[in-house]
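Reader: I am in my first year of study and should like to look closely at a single part of this protein. Could you please choose one strand and explain how it sits among its surroundings?

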Amino acid sequence: MYRTENPTDPSTTLSSDALVAVLDNGTEFDPDLHRYISGMSWQLERFTSARDLLNGAQAGCFNCILVDASMADLPVSDLARLICSFAVHCPIVVVTPRNSPATSVATTRFRVAFLPKQDDPAVIAEEVNASIRAFHEANRLEAFFLTLTPRERQVMKFVVEGLLNKQVAFKLNISEITVKAHRGRLMRKMNARTLPDLLYMAARLGPASGSIANELSAF
């Protein structure tokens, strides 16, 4: 499960306490990028082999993982295993050879971004910063969600599916007035001002593995 932080604005809880894992062999990664990320306020933990990262790091302890895909000792199988093991816990930015296409994979709560090596190291650094922001936002939403009662989670599930209050009332065998009360409380707890806000939050909370997705789908 992800580390849950205090529900604050993610844009204000970034870099100084962000722990970024860097996987490279120390020679092939762009030296300019090394110097640039060393000058950022992130805390860096360096790994020189995928096996070290897979075997020695605790899943969920990083805000982002930056990977040099051009490492000679990083076979596709290890990269795939790393993504499967860690992408459900934090975003992963994979730096690919120059002229490779940039792409993102959104099969988990966090994206896996593939970026070609850049002449400007700030481009990759900004992707890492964006990933850290996503990490904080996801934990903020999780903290909000965990304050909901089981009934409020039921109501939220049906509301984001598009059901009207009277339809939710029928589903749960309660009055429409009670549904409105639950809906108002969950909107306040989730800090959602509008229904589109709530829909966005629900999308950010899942699909994903873990207790949140299970609770949203259990009713």
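Author: What follows begins with one strand and then works outward to the parts around it. The model is a predicted one.

The protein has nine helices and six strands, and 47% of its 219 residues count as buried. Among contacts between residues at least 6 apart in sequence, 66% join residues at least 24 apart.

The strand chosen is S1, which covers residues 19-23. How many of its residues are buried? Five of the five are, so S1 is largely enclosed by the rest of the structure. The two faces of the strand may be taken in turn. On one side stand Leu19, Ala21 and Leu23; on the other stand Val20 and Val22. Every one of these residues is buried, and both faces of S1 are therefore covered.

Which strands pair with S1? One is S2, joined to S1 by five bridges, and the two run parallel. Another is S3, which is joined to S1 by four bridges and also runs parallel to it. Ala21 serves as a useful point of reference here. Opposite this residue in S2 stands Glu45, while Ile65 stands opposite Ala21 in S3.

The surroundings of S1 also include a nonpolar core. The largest such core has 24 residues. The residues with the most contacts inside this core are Leu23, Leu53, Phe62, Ile65, Val67 and Ile92. S1 is one of the elements that give two or more residues to the core; the others are H2, S3, helix H3 (76-86), strand S4 (92-96) and strand S6 (112-116). The largest share, four residues, comes from H3.

Leu53 shows how the strand meets its neighbours. Leaving aside residues up to four places away in sequence, Leu53 touches Ala21 and Leu23. On the same terms, Leu53 also touches Phe47, Phe62, Ile65, Leu82 and Phe86.

Two of the residues that Leu53 touches, Phe47 and Phe62, deserve attention as a pair. The structure holds one aromatic pair. How are its rings arranged? The centres of the rings of Phe47 and Phe62 are 6.1 Å apart and their planes stand at 85°; an angle over 60 degrees counts as edge-to-face, so this pair is edge-to-face. Phe47 belongs to strand S2 (residues 43-47), whereas Phe62 lies in the loop between helix H2 (50-56) and strand S3 (64-68), so the pair ties together parts that are 15 residues apart in sequence. Both Phe47 and Phe62 are buried.

Beyond these strands, helix H4 offers a second element to examine. H4 spans residues 121-145, a run of 25 residues. From its first C-alpha to its last, H4 reaches 36 Å, close to the 36 Å expected at 1.5 Å a residue. At the start of this helix, a side-chain oxygen of Asp120 comes to within 3.0 Å of the backbone nitrogen of Ala122. Is H4 mostly covered or mostly uncovered? It is mostly covered, since 21 of its 25 residues are buried.

Two residues of H4 illustrate this cover. Glu127 lies in the helix. Its relative accessibility is 16%, and the limit for a buried residue is under 20%, so Glu127 counts as buried. Among residues more than four places away in sequence, Glu127 touches Val93, Arg111, Ala113 and Leu115. Ile132 also lies in H4 and is buried, with a relative accessible area of 0%. Ile132 and Cys90 are 42 residues apart in sequence, and their C-alpha atoms are 8.5 Å apart in space.

Finally, two loops may be set beside these buried parts. Asn173 is found in the loop between helix H6 (165-172) and helix H7 (176-189). Although Asn173 is not a glycine, it has a positive phi of about 60°. Asn173 is exposed, with a relative accessible area of 72%. Asn191 is found in the loop between H7 and helix H8 (195-205). Asn191 likewise has a positive phi of about 60° without being a glycine. With a relative accessible area of 47%, Asn191 is partly exposed.

To return to the part chosen at the outset: S1 is buried along its five residues, runs parallel to S2 and to S3, and gives two or more residues to the largest nonpolar core.

Methods. Residues numbered from 1 in each chain as written. Predicted model: local features only at pLDDT ≥ 70, side-chain atom pairs only at ≥ 80, totals over all residues. Heavy atoms only, no water. Phe/Tyr/Trp six-rings, centres within 6.5 Å; stacked < 30°, edge-to-face > 60°. Buried < 20%, exposed > 50% of the residue type's maximum accessible area, 1.4 Å probe, protein only. Pairing = 2+ DSSP bridges. Expected span 1.5 Å × (residues − 1). Polar contact = N/O pair within 3.5 Å; in protein donor to acceptor, adjacent residues only side chain to side chain. Core = buried A, V, L, I, M, F, W, Y, C linked by side-chain atoms within 4.5 Å. Contact = heavy atoms within 4.5 Å.
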